[in-house]
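Q: Could you take a close look at the pockets in this one for me? I'd like to know what lines them, and then how they sit in the protein as a whole.

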Amino acid sequence: MFFEIPDRLLPGQPFPLGASHDGQGVNFAVFSANASQIDLCIFDPAGRKELARLPLPDCTNEVWNGYLPEAAPGLLYGFRAHGPYEPHRGHRFNPHKLLLDPYARQLSGPLRWSDALFGYRIGSARADLSFDRRDSAPSMPKSIVAEEAFNWGEDRRPCVPWSRTVIYEAHVRGISILRNDVRSDLRGTFIALANPRFIEHLQKIGVTTLELMPVNAFMQDRYLLEKGLRNYWGYSPLSFFAPEPGYLSGGGLRDMRMAVRRLHAAGIEVILDVVYNHTSSGNELGPTVCFRGLDNASYFRLVPGDERYYINETGCGNTLNLSHPRVLQLVMDSLRYWAESFHIDGFRFDLGATLGREGTGFDPGSGFFDALLQDPLLSRLKLIFEPWDIGPGGYQLGNHPPGFAEWNDQFRDGIRQFWRGDSGQRGNFAARLSGSADLFNRRHRKPWASVNYVASHDGFTLEDVVSYGQKHNEANGENNNDGHSENYSANWGVEGATGDHATLETRHRVRRAMLATVMLAQGTPMLLAGDEFGRSQRGNNNAYCQDNDISWVDWEAAQGTQGKSLVRLLERLRDIRRGFESLQSTRFLHGDELQQGVPELAWFDEQGMPLADDAWHNPEARALAVQRANVTHTGELDIVLMLVNAGHDPISFKFPAGEHTWYFLLDSATDEGTPHAVTENAMVVQAHSLVVLANRILEVLR
């Protein structure tokens with residue numbers, strides 16, 4: 001150590017929470033309403049030896065605090081909390097357990113599983129009602145007083161308008177671990193995200209916004225390690241402020257900031273997938289590593305009248321109590337920290353319905369939602385919610401407040417069903433193509449509120465949607481009982497990999513048609529990393545524990561014939577989406593008449609006739625044409641016509657009546673066909689294909 005540790009701490013300040021260095025020492029502040037004493041524990045630089053244990057001398061407004069003179073960034077520390085061990089009343093204090101600082105900005109060392117991590121005696125007949133006196137410090141990671149200085153230079157948020165946003169969901173480790181053009185010691189880290197070739201790839205396929213799966217420190221669950229598996233996804237938060245140590249290389253926190261800065265310089269936003277609905281400590285039988293030991297009764301939602309048990313609306317054993325003002329403050333402080341200290345551009349909230357729960361259930365006017373919407377910084381960022389949880393009334397798609405976007409699983413399922421050729425899907429497909437107005441066109445919300453995707457981390461990849469009729473999760477060690485059983489997928493004749501030409505051709509067309517649908521539908525498109533060149537998880541639709549080539553992105557596939565073809569398709573879709581305002585509309589279209597009697601939205605059958613009511617309900621109809629139009633800022637009329645055929649045979653489409661010339665822009669079935677004027681009044685659309693025409697040609701496509 002570079003300073004002499006005193007016998008006692010000086011009185012500190014209750015704000016800010018966490019460890020704050022002022023140049024002369026460090027202030028420590030931690031909330032606990034029910035503790036009787038909290039000790040600051042100081043460790044040697046290796047984190048192995050506890051050098052001092054000093055009680056925090058003051059508690060102001062339930063915030064325990066103290067000041068350590070001459071301490072500096074790099075100091076390793078933790079807390080121990082004294083108080084009642086009365087599980088039936090919700091209290092689980094145990095000073096033998098070292099606790100992470102909830103506001104720690106950086107962690108040192110891994111969590112090493114041992115029975116000492118539990119507040120009760122493992123194997124006791126009294127289970128969690130028993131009390132364990134073993135010191136957990138040797139098994140615990142340590143909190144670090146972080147060095148926050150970083151030169152951001154001229155960094156500016158790209159502030160991409162929602163109407164032009166294209167999201168790319170990726171995993172920090174999985175996206176680069178197999179990249180041969182990245183130094184081996186940097187693969188799987190934040191620095192690899194700044195690789196110029198990766199950034200060029202994102203730009204090439206039209207990505208404006210990189211969404212990263214959880215980057216905050218997360219727990220490696222004991223039951224997975226015992227099976228030889230690992231928590232790959234990261235939805236088991238150990239800290240809400242500290243980045244996952246495994247994603248940092250030698251530069252520490254600087255690595256993540258540098259990656260964000262370089263992505264911003266390329267015009268690409270960075271949003272984080274965040275988990276504030278639960279912690280990694282599980283239910284009453286889980287370990288004591290942070291919140292449970294600091295103030296279990298405040299931080300968690302407990303069963304009224306039997307506070308030994310946790311309300312579990314997340315499926316992860318516990319639920320954070322955002323109705324408590326200090327817990328709400330914790331989450332808001334965490335969000336502001338990522339936004340201010342790392343220049344993050346937005347957030348995707350895992351199990352977002354949980355965050356909107358009050359005592360009476362889900363509430364669009366919940367305290368957390370209100371806090372977000374009034375915040376002068378956070379309210380201006382991109383805020384995306386996963387609109388469900390497993391609790392009562394947990395499915396809340398379309399019910400979040402204005403200002404939020406939502407993952408639209410009805411788009412995912414509806415698009416998969418339509419292109420699979422299911423009967424009776426024409427009307428549902430049209431609704432999803434039109435921004436899911438039936439779900440979002442209320443309270444002056446915009447089409448961008450619907451995040452449109454056909455594949456995400458949670459489920460099949462796009463390649464597997466067209467290659468497997470059933471899930472194949474045997475590698476997870478749960479007898480294939482995990483993951484969703486209904487995926488609305490089809491293998492088109494052969495389960496899994498095949499060399500059959502006819503099967504591969506059909507898969508090729510369906511895959512491309514679904515990508516085109518995502519990019520051309522009203523709403524915010526989202527792509528899953530690797531779908532642009534056919535990444536497969538070999539039929540695993542729940543690869544949360546597969547930190548291996550099942551989940552990793554294989555960049556060699558991007559150099560194959562299929563990979564190059566899909567990338568070319570996305571390039572053209574990028575240009576078409578950007579080139580026509582009607583494909584990035586900032587409002588829902590209702591069919592209002594524009595110039596020359598052309599409606600802003602119209603639907604036609606294969607004969608070029610407006611779809612009648614009974615035609616919408618024809619269960620065997622698998623084709624339709626949609627026309628979108630708008631008046632540009634120069635007063636010109638832009639019209640885009642999409643001809644859609646989800647059937648098994650080619651269909652000849654007649655064009656709707658009109659005086660304009662149609663120009664061919666894209667056929668999802670093939671890379672062939674340069675843009676040109678169509679001289680006939682009809683066009684054949686191949687099976688499982690989508691054709692795009694417009695009343696003007698895009699020079700960028702020539």
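A: Let's start with helix α5, which gives the most to the lining of the second largest pocket: five residues. Bear in mind throughout that this is a predicted model. The pocket that α5 helps to line has a volume of about 440 Å³. Its lining is made up of 22 residues, and A19, S20, R105, E148 and Y337 are the ones closest to its centre. Two elements, β1 (18-21) and α5 (325-341), each give two or more residues to that lining. Sorted by class, you get 13 nonpolar residues, six charged and three polar.

Now for the largest pocket. Its volume comes to about 1,200 Å³, and 40 residues line it. Nearest its centre you'll find Y223, Y235, T314, G315 and C316. The largest share of this lining comes from helix α2 (residues 222-225), though that share is just three residues. The class split here is 17 polar, 14 nonpolar and nine charged residues.

C316 turned up in that central group, so let's turn to the cysteines, with the definition in mind that a disulfide needs two cysteine sulfur atoms within 2.5 Å. A search of the whole structure comes up with zero disulfides. C316 is in none, and the nearest cysteine sulfur, on C545, is 14 Å away. With a relative accessibility of 33%, C316 counts as partly exposed, because that class runs between the 20% and 50% cut-offs. C41 is another cysteine to check: again no disulfide, with the sulfur of C290 as the nearest cysteine sulfur, 14 Å away. C41 has 0% relative accessibility, so it counts as buried.

Stepping back to the whole protein, there are 14 helices and 29 strands. Of the 702 residues, 62% count as buried. The C-alpha atoms fill a box of roughly 90 × 55 × 50 Å along the principal axes. The radius of gyration is 27 Å, which agrees with the value near 27 Å for a compact globule of 702 residues. As for the contacts with a separation of 6 or more, 73% of them are between residues 24 or more positions apart.

Technical notes
Residues numbered from 1 in each chain as written. Predicted model: local features only at pLDDT ≥ 70, side-chain atom pairs only at ≥ 80, totals over all residues. Heavy atoms only, no water. 1 Å grid on protein atoms, 1.4 Å probe; cavity = no way out; pocket = protein on both sides within 12 Å on 5 of 7 lines; lining within 4 Å. Points joined across faces, edges and corners; volume = space filled by probe spheres on them. Helix = DSSP H or I, 4+ residues; strand = E, 2+ residues; numbered from the N terminus. Nonpolar A, V, L, I, M, F, W, Y, C, P; charged D, E, K, R; others polar. Buried < 20%, exposed > 50% of the residue type's maximum accessible area, 1.4 Å probe, protein only. Rg over C-alpha atoms; globule rule 2.2 N^0.38 Å. Contact = heavy atoms within 4.5 Å.
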